[in-house]
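Subject: Structure for your attention

Dear colleague,

Please find below the structure that I am handing over to you. A summary of what was found in it follows.

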Amino acid sequence: MTELWQLTASDLAARIRRREVSAREAAAAALARLDEVNPAINAVIDHRPERALAAAGRIDAALARGDDPGPLAGVPVTVKVNIDQKGFATTNGIRLQMDLVAQSNSPVVDNLERAGAVIIGRTNTPAFSMRWFTTNQLHGDTRNPHDPALTPGGSSGGAAAAVASGIGAFAHGTDIAGSIRYPAYACGLHGLRPSIGRVAAFNASGPERGIGAQITAVSGPIGRSMADLRLAVAAMAQPDPSPEGPRDPWWCPAPLDGPDLPRRAALCLRPGGMKVVPEVEAALIAAGRALETAGWAVETIDDLPHMREAVEVQIQLWLGDGFDALASTVAQEGDPGAMTVIDSFRELAKSWPGDVVAQALKRRATIARAWRQLLARFPVLMMPTSGELPFRDGLDLAGPDSFRRVWDAQATQIALPLVGLPGLNVATGFAGRAPLGVQLVAAPFREDVLLAAGAAIARDDAPIMPIDPRGAG
C-alpha cells in the first residue's frame, strides 16, 4: 500500500481535492514521516506540527464549503531556512541570526500558502548558504539519505534530503551558484532554478543583499517528478500578494507557457574544457539518446560561449560587492566552511579594481547575448550538472587542491546564474550508490521547454520514490 507521504504533489493534491483523503491526514502523515527519518539526516531544523495541522484544517474547511483551496490543496512542503516565514527565525545557518524572527512572509512563502500548500518545516543550509555542503554550527550537519559519506549538496541540502526521504512532496530552495541544481543532483532528484524574475522572493529580515545576489539569486522547487516541479513553480511565480505592492523589483508577470519551438537540443560534454568523469559523460550521452527517441534533434557542440569568463564574472558579482564586510561577518560567525571560502578568494579579491562590479555588469551583457544567440539555434542546451559524482562530504575543507577541485567541477552551476537563464537538473539514475543527473538550460522564461525535455529524459510516468535513509551507511 502506498503511504500518503510517498505520493507526488500532483497526485496528492488531486486526491485531496476529490476528498478521497483529507489535508489533515496528509499533513499528519508527513509529520510522522519527519519524526521517523529526520533524526537520521537532520534535514528539517525547525517545525511546529500544531501550526501545520491547523493550516491543513483550513484547507479541509474550504473544501467542505465548496471553495477552491488552490492548486496545491493540502500538499505538505518545506521551505529553506534562509527565507522569511512569519514567526520563524531566518537564520541562514548562522548563529548571528538565530534570533532574527521574521515579522512577515517572503512573497514565495505567501504564494505557496495561497496555492494551498501546507508548510511542515524549515530546512537546513550551510552557514551563509555559501557551500555545496550543508553544515553549520547552529543547526549541525545534514546527511545524504542515499549515503551519509556523500554531501547532500548545498546550499539547499536540507531541502533535497527532506524530499528524497519523503518529508514533504516537494521543497523550496534558492540558487545563486547551483544551490537548487546541485542538491537535487546529489540526492537523486529533479531541481529547477527558474529564470531571474520568475519567482518573487524578498526578505525583510537580515542584511540587504549585494548587487550580485540581487540579480542572480532565485527561489525554485526540488521534487520527485517534472509534473510536481511545474505545479510548484506555477504556484511560486504568482504576483506578490502584499497589500503594499511588489517587494521584489525583478519579478516579471511572464506566462509559464510560451510559443512552440523546434525540438532541437545541443549537447556539450565538456563546457569550458572542464574535466568530466566517465559516469557523467555516459549519463549525458544516454540523456541525448532519450531526447532523440522522443523526437528531438540533438547535436553535439564543442563548447559554450565565454564559459570560463562567465564563471569568473559571476564570482566577481557574488563576492566583489562588499567583500571586506562579508569577510568580517564570516570571521565573527567563525564557521569553518564559510571561512574557507573567504580565505580561498581573499587574494583574488584584493586584485579586483574598485569598479569591479561595474566592469562585471558590462561583461555580463556580452556573455548573456552570446548565450541567447546560441539558444536561438538550440532551444535546449544539455551539459553536466557537475563534472564529478557527488562529492565526499566535506571535501572542500581537505586542503587547497580539494577546494579547487570542487569549484572546477561546478563550473556550469556557477556560470548559469550570471546570464539569468533557467536551469534544470534531471535525475537520471545512479553510479553505485551515487546519484547521477544532467543539466538542461533554456532561454529566459522558457521553463516549460526545460520541463518538457526533462520529462522525456526522466520518464515522468515513473516518478522518483522516497527512500528510507535509516538503511544508508
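In strand 13, the bridge partner of Met 382 is Leu 440. Please bear in mind throughout that this is a predicted model.

Strand 13 and its partners

The pairing just mentioned belongs to strand 11 (residues 380-384), which runs antiparallel to strand 13 and pairs with strand 13 over 4 bridges. Strand 12 (residues 423-431) also pairs with strand 13 in the antiparallel sense, here over 8 bridges. One of the residue pairs between strand 12 and strand 13 is Ala 431 with Ala 434. The two strands form a hairpin with 2 residues between them. In that turn, Gly 432 has a positive phi of about 70°.

Strand 13 itself spans residues 434-441 and is mostly covered, with 8 of its 8 residues buried. Ala 434, Leu 436, Val 438 and Leu 440 point one way from the strand. Pro 435, Gly 437, Gln 439 and Val 441 point the other way, and the residues of both sets are buried.

Nonpolar cores

Leu 440 appears again in the interior. The largest nonpolar core has 109 residues, and Leu 440 is among those with the most contacts inside it. The others in that group are Phe 170, Leu 304, Trp 371, Leu 381, Trp 407 and Leu 424. A second, separate core has 26 residues, including Ile 16, Val 37, Leu 53 and Ala 161.

What does Leu 381 contact, leaving aside its neighbours within four places in sequence? From strand 13, Leu 381 is in contact with Gln 439, Leu 440 and Val 441. Its other contacts are Ala 266, Leu 304, Trp 371, Leu 374 and Leu 375.

Salt bridges

The count of salt bridges comes to 22. Three pairs and one network are described here.

Glu 36 forms a salt bridge with Arg 33, with the closest N and O atoms 3.8 Å apart. Both residues belong to helix 2 (residues 23-41); because they are 3 residues apart there, about one helical turn separates them. Glu 36 is partly exposed, with a relative accessible area of 42%, whereas Arg 33 counts as buried at 3% relative accessibility.

The side chains of Arg 95 and Glu 333 meet in a salt bridge at 3.5 Å, N to O. Arg 95 lies in the loop between strand 2 (76-80) and helix 4 (107-114), and Glu 333 in helix 11 (residues 323-333), so this pair ties together parts that are 238 residues apart in sequence. Arg 95 counts as partly exposed at 38% relative accessibility, while Glu 333 counts as buried at 2%.

Glu 312 forms a salt bridge with Arg 363, and the closest N and O atoms are 3.5 Å apart. This pair links distant parts of the chain, with Glu 312 in helix 10 (residues 307-319) and Arg 363 in helix 13 (residues 356-377), 51 residues apart. Glu 312 counts as partly exposed at 40% relative accessibility, and Arg 363 counts as partly exposed at 24%.

Finally, Asp 110, Asp 240 and Arg 247 are linked in a network of salt bridges.

Yours sincerely

How values were computed: Residues are numbered from 1 along each chain as its sequence is written. This is a predicted model: local features need pLDDT of at least 70, side-chain atom pairs count only at pLDDT 80 or more; totals for chains, interfaces and linings use all residues. Side-chain values use heavy atoms; hydrogens and water are left out. Buried means under 20% relative accessible area, exposed over 50%, partly exposed in between (1.4 Å probe, protein chains only). Two strands pair if DSSP finds at least two bridges between them. A nonpolar core is a set of buried Ala, Val, Leu, Ile, Met, Phe, Trp, Tyr and Cys residues joined through side-chain atoms within 4.5 Å. Contact means heavy atoms within 4.5 Å. A salt bridge is a side-chain nitrogen of Lys or Arg within 4 Å of a carboxyl oxygen of Asp or Glu.
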